[in-house]
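Me: Hey, I've just opened this one and I'm new to it. Can you walk me through what I'm looking at?

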Amino acid sequence: MQKTWIEIHAGKFKENVKFFRERLENHVTLSLVIKSNAYGHGLEEIARLGEKNGIQHFCVHTLEEALEIKKHVKKATVLIMGYMATDEVEKAIAQEIEMVCFNLDFIETVSKTAKGLNRDAIVHLKVETGTNRLGMGKEEIKILIPILQKIKNVRIKGLYTHYANIEDTTDHSYAQDQLTRFLAIKEMLDAAGIQPEQLHTACSAAILLFPQTHFQLVRLGISQYGLWPSRETYLSYLHKKKTNDVEALKPILTWKTRVAQVKNVSEGAFVGYGCTYKLSRDSKIAVLPIGYADGYDRKLSNQGYVLIKGKRAPIRGRICMNLTMVDVTDIPEAAVHDEVVLIGNQGDENISVEQVAAWADTIHYEVITNLGSHIPRKIINND
Ligand SMILES: *Cc1c(COP(=O)(O)O)cnc(C)c1O
């Protein structure tokens with residue numbers, strides 16, 4: 001019996017993949033972004049589930065993640081979208097892992113390393129269009145072009161960019177400007193005879209809202225897990241697609257723990273470190289064996305609730321490193337070993353990731369990526 005675990009609902013994941021497949025033209029490759037332990041869902045678990053559902057393309061941030069995927073999905077095509085140390089390049093080339101280039105000197109390193117291995121490195125160029133994160137702007141691309149025209153052992157397979165302001169607003173003009181800049185750089189490369197076969201720009205919000213951003217490949221992150229990128233994206237989607245399919249995406253994750261202890265505590269007593277909660281009545285307090293070391297945000301202290309026996313039990317006092325206290329006075333049947341839901345459904349009640357994010361004053365992306373990697377992930381196949 002485990003003290004905490006995460007259930008991944010395979011059927012719901014399948015429905016999400018199907019939902020996106022049906023919205024992409026046939027020539028568009030659906031790539032799953034499974035960086036940061038698949039947004040906390042479990043890298044191995046999601047890579048395997050992806051493969052089961054016919055997906056062979058994955059995007060990650062590090063070489064470590066890419067190598068892990070290659071272990072579990074033999075035929076996987078993997079693109080590393082993040083920084084690579086010089087000594088990592090060789091491993092990537094040897095395993096045919098695709099790499100991003102966002103620095104001029106990187107391309108020389110890659111070429112030299114590939115020559116040494118007598119192979120071709122597969123590279124995607126990252127274009128700066130307005131996020132001012134990783135990427136090369138117009139001037140750098142101008143310098144890069146003559147280098148690319150001569151370079152050996154490097155195959156420029158992709159050209160891509162990332163939107164800065166697509167989830168956070170219902171005004172999509174900034175994203176439109178980025179797309180225009182992206183296409184201008186594509187034209188520059190085109191004129192120089194450099195024509196990458198895969199253009200890609202779309203994250204979840206762009207996939208959902210703008211088919212003109214799809215090109216040859218899309219990078220599906222948060223929404224494969226059944227989560228909307230934001231409320232703005234959700235509303236824009238319903239409005240734009242003239243649909244009221246409010247449950248188009250299915251959240252695939254449930255986070256559970258168990259009751260470790262139940263105790264009676266008198267009116268006027270305090271709960272937890274710092275005595276931040278004083279009981280206003282004689283109470284029953286349940287102690288849960290999870291805390292901020294598991295990714296249960298300390299900002300949830302005295303905020304929100306968990307589910308026990310299908311009912312809401314409010315969090316009392318501060319979240320500790322490994323323990324959390326909740327009030328079960330109104331759930332008299334609560335007992336040691338009972339299952340507790342921290343995120344997900346129990347009975348008729350639900351705690352959404354968005355709700356937890358609101359309590360913790362952050363975004364749902366952060367709530368799920370913070371889920372401890374030590375927590376076991378279990379695939380649930382029959383619900
Ligand atoms: C994380 C990431 C994505 C996926 O974004 P979502 O909003 O989760 O779909 C796509 N592209 C890049 C470059 C990313 O870093």
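Me: How is the protein chain divided into domains?

Reply: There's domain 1, covering 9-241, and domain 2, covering 253-351. Keep in mind that this is a predicted model.

Me: And how far apart do the C-alpha centres of domain 1 and domain 2 lie?

Reply: Those centres are 41 Å apart.

Me: OK, sheets next. In what order do the eight strands of the open sheet come?

Reply: The order is 8-7-6-5-4-3-2-9, and the strands pair in parallel. At the edges you'll find strand 8 (198-200) and strand 9 (217-220). Each of those has a single partner strand, so one side of each has no neighbour in the sheet. Going from one strand to the next, the twist averages 30 degrees.

Me: What actually holds strands together in a sheet, generally speaking?

Reply: Strands of a sheet pair through backbone hydrogen bonds, and the pairing is either parallel or antiparallel.

Me: Back to strand 8, then. How many bridges join strand 7 to it?

Reply: Three bridges, with strand 7 (residues 154-160) and strand 8 running parallel. For a concrete pair, look at tyrosine 160: its bridge partner in strand 8 is histidine 200.

Me: There's another sheet with three strands. Is its pairing parallel or antiparallel?

Reply: Antiparallel, and it's an open sheet in the order 11-14-17. The edge strands are strand 11 (261-265) and strand 17 (324-327); each has a single partner, so one side of each is left without a neighbour in the sheet. The twist in this three-strand sheet averages 30 degrees from one strand to the next.

Me: How many bridges are there between strand 14 and strand 17?

Reply: Four, in the antiparallel sense, with strand 14 spanning residues 283-288. One to click on is isoleucine 285, whose bridge partner in strand 17 is aspartate 327.

Me: Switching topic: which residues are closest to the ligand?

Reply: Lys35, Tyr39, Ser204, Ile222 and Tyr365 are the closest, out of 14 residues that surround the ligand.

Me: What kinds of residues make up that shell?

Reply: Six are nonpolar, four are polar and four are charged.

Me: Which atoms of tyrosine 39 come up against the ligand, and how far away are they?

Reply: An N or O atom in the side chain of tyrosine 39 sits 2.6 Å from a ligand oxygen. Arginine 133 has a polar side-chain atom 3.4 Å from an oxygen atom of the ligand. With glycine 221 it's a backbone N or O atom, 3.0 Å from a ligand oxygen.

Me: How much of the ligand's accessible area does the protein cover?

Reply: It covers 94% of the 390 Å² of accessible area that the ligand has on its own.

Me: Last thing, backbone angles. What is phi for glutamate 96?

Reply: Near 55 degrees, which is a positive value in a residue other than glycine. Glutamate 96 is in the loop between helix 5 (89-94) and strand 5 (98-101).

Me: And where is histidine 337 found?

Reply: Histidine 337 is in the loop between strand 17 and strand 18 (339-346). Its phi is positive too, near 80 degrees.

Methods: Residues are numbered from 1 along each chain as its sequence is written. This is a predicted model: local features need pLDDT of at least 70, side-chain atom pairs count only at pLDDT 80 or more; totals for chains, interfaces and linings use all residues. Side-chain values use heavy atoms; hydrogens and water are left out. Two strands pair if DSSP finds at least two bridges between them. Helices (H or I, at least four residues) and strands (E, at least two) are DSSP runs, numbered from the N terminus. Axes are lines fitted to C-alpha atoms, for helices over the stretch in contact, and angles run from 0 to 180 degrees between N-to-C directions. A residue is near a molecule or strand if one of its heavy atoms lies within 4 Å of it. A polar contact is a pair of N or O atoms within 3.5 Å; within protein, one must be able to donate a hydrogen and the other to accept it, and residues adjacent in sequence count only if both atoms are side-chain atoms. Accessible areas come from the Shrake-Rupley method with a 1.4 Å probe; for residues, only the protein chains shown count as cover. Ala, Val, Leu, Ile, Met, Phe, Trp, Tyr, Cys and Pro count as nonpolar, Asp, Glu, Lys and Arg as charged, and the others, Gly among them, as polar. Domain bounds come from an automatic or database domain assignment.
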